[in-house]
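Grab your favourite viewer and work through a few short exercises. Try each task before you read its solution.

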Amino acid sequence: MLHGKANCLANFCAPYSAVGALFMFWVGMMISKQPFFVLGLEDLDQSQSNAFGAMWVFLITLATSIIYLVYESAIENRRHYQSDFSDEEDHPMLPRGMSDYIVQTEVELSDMTTLHLDVREIS
């Protein structure tokens, strides 16, 4: 059940962090370039440092969310394409549940050894 909650959390945090990083960048630039528009600041250097520090925290959260979503997507794709029958090496391209359609046959050719064929028939 944690997988679903973590996926929802990453989907929420990614856009929230992107907007937060942009906003904190804007606040930091306002403090550094036009501090007279931001009233009530006692220490401009400390305020600017705090704004850019918060921007980095938002960017780290954004990167973590994106990495998690890409990783989970890759895991889900890998699970989707895995076969569920035992001789997976022999039939890697059959989709899940198609192992019922595998028919093993032997064909005897004249003046040659026995040839083993794998015939896949879908009705």
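Below are four exercises, each with a worked solution.

Some ground rules: this is a predicted model, where local features need pLDDT of at least 70, side-chain atom pairs count only at pLDDT 80 or more, and totals for chains, interfaces and linings use all residues. Residues are numbered from 1 along each chain as its sequence is written, and side-chain values use heavy atoms, with hydrogens and water left out.

**Exercise 1. Work out the order of helices and strands in the protein chain.**

Start with the assignment: helices (H or I, at least four residues) and strands (E, at least two) are DSSP runs, numbered from the N terminus. Next, count them: the protein chain has two helices and two strands. Finally, read from the N terminus, and you get α-α-β-β.

**Exercise 2. Find the aromatic pairs, then describe the one formed by F23 and W26.**

First, the criterion: rings of Phe, Tyr and Trp (its six-membered ring) pair if their centres lie within 6.5 Å; planes under 30 degrees apart are stacked, over 60 edge-to-face, and the rest tilted. Running that over the structure turns up five aromatic pairs. For F23 and W26, the centres are 5.9 Å apart and the planes make 35 degrees, so the pair is tilted. Now place the two: both sit in helix 1 (residues 2-33), three residues apart, or about one turn of the helix. Elsewhere, ring pairs tie F12, Y16 and F58 into a cluster.

**Exercise 3. Is S17 buried or exposed, and which residues does S17 touch?**

Set the scale first: buried means under 20% relative accessible area, exposed over 50%, and partly exposed in between (1.4 Å probe, protein chains only). S17 lies in helix 1. S17 counts as buried because its relative accessibility is 2%. For comparison, F23 has 46%, so F23 is partly exposed. Then list the contacts (heavy atoms within 4.5 Å): leaving out residues up to four places away in sequence, S17 touches F58, T61 and L62. Zooming out, buried residues make up 20% of the 123 residues in the protein chain.

**Exercise 4. How many disulfides are there, and where do C8 and C13 fall on the burial scale?**

Look for cysteine sulfur atoms within 2.5 Å of each other, which is what defines a disulfide. A search of the whole structure comes back with zero. Now check accessibility: C8 is exposed because its relative accessible area is 54%. C13 comes in at 18%, so C13 is buried.
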